[in-house]
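Please open the model in your viewer and keep the selection panel at hand. The stops below move from the whole chain to single residues and back out to one helix.

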Amino acid sequence: MAAQGVTPQSEDFARWYTDVVKMADLADNAPVRGCMIIKPYGYELWENIKTALDVRFKATGHRNAYFPLLIPMSFIEKEAQHVEGFAPELAVVTHGGGKELEEPLVVRPTSETVIGHAFSDWIQSYRDLPLLINQWCNIVRWEKRPRLFLRTTEFLWQEGHTAHQTEQEAREHTLRMLDVYADMAINECAIPVIKGRKSDQEKFAGAAESYTIEGMMGNSWALQSGTSHFLGQNFAKVFDIQYLDEDNEQQYAWTTSWGVSTRMVGGVIMAHGDDKGLRLPPRIAPIQVVITPIWRTDEEREAVFVFVNEVREQLVHAGIRCHIDERDGLSPGFKFNDWEMRGVPIRIEIGPRDVEGKSVMSARRDIPGKSGKLSLPLDGIATQIPELLSSIQNSMLDTATRFRDERLHEASTYDELKEIVKDGWALIWHCGTPECEDRIKEETKASSRCFPLDENPEWHPDKAQCAVCGKPAFGRAWFSRAY
Ligand SMILES: [Zn+2]
């Protein structure tokens, strides 16, 4: 299967992406259009991202819980902006148990409402706050133009939901979780994301403010890879999340929500992949080292496998995710291409000569050809391979950061923006109004990604004007083509 190769990125990036998802065995289309079947290799990749996040959530004091898939329609309708934003994407259950339901049920498009309902019960006093909850689950948002991992009608994600005593505390928590997301993206997925604030038009339906991490993909388009929302008291008021404060007075809580989904898998594919297929950062790769035994005769096979098992034992003991390719009847060349397609960071070849020399030949996925090859003695392999993996991780982040930085440009005029967004991101003074964003989108296909936190020490700075329409600027914003 892998022997055919993928469509080159330069020829058609969208087709390259679809080819990689299929040929690397990550996912398939489902019988229902817009849904996806996540295959074991794709699911293991997601599981590693999930674990990296879950560890961070627990370290910041969150606990996991689970809320129902079905939500009463009336819940969704309670928050005006929320229902307006989600209405076109809702899947609605009208029948159950063979009867028409008295009230239609919505398959959750997100869980602010049902969790808000539970929180109003759980929270009575200031002693119950902060309440820090996370849920791992599936979500349904009807998708008209589906693409595997990037836009699917059903997807997997986590949604964090927290309630706090003060506005300040809730705001700080919103940004703390944005930092957690950025840390995960940068240090686990090797994607150098930019943290920023969404414009009013781009913010979550029902949020007071939304924040995002934006990653650059291999075609220079942006991918919104995670969002964190300051919900103010919007949901607290409609779901009556109140607490008795220290002075025995009723107060509304301040809430946040934040999510990362299986979209991140698409981000990893597009940020790192090349014309040979997938390239996976070692920290999240389902298989970190693949061992390919090479032999001709039965005698050789026996000796090679004794050695292979010895190597594997040492690697497994060192905590490395390791796989032996024992498939019969396939040439080593075919196997190499196949593992390259699947993006395994290190390939080890072991043949009769390696057995004699008590060493192995390793090849890095991120450095093609001879320069990525290294002969490693069996002694010390348990320390050298982990070092090599960590050097691959760093080098992938460096490469992605260099690639991104070469495509980030400041624009002082609209004309400059138009030129830049053809193959990069443009940073420009911007008003943040929907009319201006819509115009830019229509004329250049570039959308407002975010007002980066690093570039905007304050909002609405004095005298700064939108470089496109001349209205007072909200701040400096990144514009680019996006998924
Ligand atoms: Zn403007």
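Among contacts in the protein between residues at least 6 apart in sequence, what percentage join residues at least 24 apart? The share is 69%, where a contact means heavy atoms within 4.5 Å. This is a predicted model, in which local features need pLDDT of at least 70 and side-chain atom pairs count only at pLDDT 80 or more, while totals for chains, interfaces and linings use all residues. Residues are numbered from 1 along each chain as its sequence is written, and side-chain values use heavy atoms, with hydrogens and water left out.

Begin with the whole protein in cartoon view, where there are 14 helices and 23 strands; these are DSSP runs, helices being H or I of at least four residues and strands E of at least two, numbered from the N terminus. The C-alpha trace spans about 80 × 55 × 50 Å along its principal axes. Colour next by burial: 53% of the 483 residues are buried, which here means under 20% relative accessible area with a 1.4 Å probe, counting protein chains only.

Now select L26, I49, F149 and I269, the residues with the most contacts inside the largest nonpolar core, which has 54 residues. Such a core is a set of buried Ala, Val, Leu, Ile, Met, Phe, Trp, Tyr and Cys residues joined through side-chain atoms within 4.5 Å. Add the elements that each supply at least two residues of this core, among them α1 (13–23), α2 (40–59), α6 (167–187) and β10 (209–216). Centre on L26, and its contacts beyond four places in sequence include V20, I37, L45, F149 and I269. A second, separate core of 28 residues can be found by selecting F67, L90, A205 and F239, which it includes.

Move then to T262, in the loop between β14 (254–261) and α8 (263–272). Is T262 buried or exposed? Its relative accessibility is 0%, and T262 therefore counts as buried. Show the side chains around T262: leaving aside residues up to four places away in sequence, T262 touches M36, I38, W46, F149, F155 and L156.

Finish at α10 (332–341), another of the elements that supply at least two residues of the largest core. Within α10, select K335, F336, D338, W339, E340 and M341, which are buried. The buried residues of α10 pack against α1, β15 (289–293), β16 (322–324) and β17 (346–350). Just after α10, stop at G343, which takes a positive phi of about 75°.

Notes. Buried means under 20% relative accessible area, exposed over 50%, partly exposed in between (1.4 Å probe, protein chains only).
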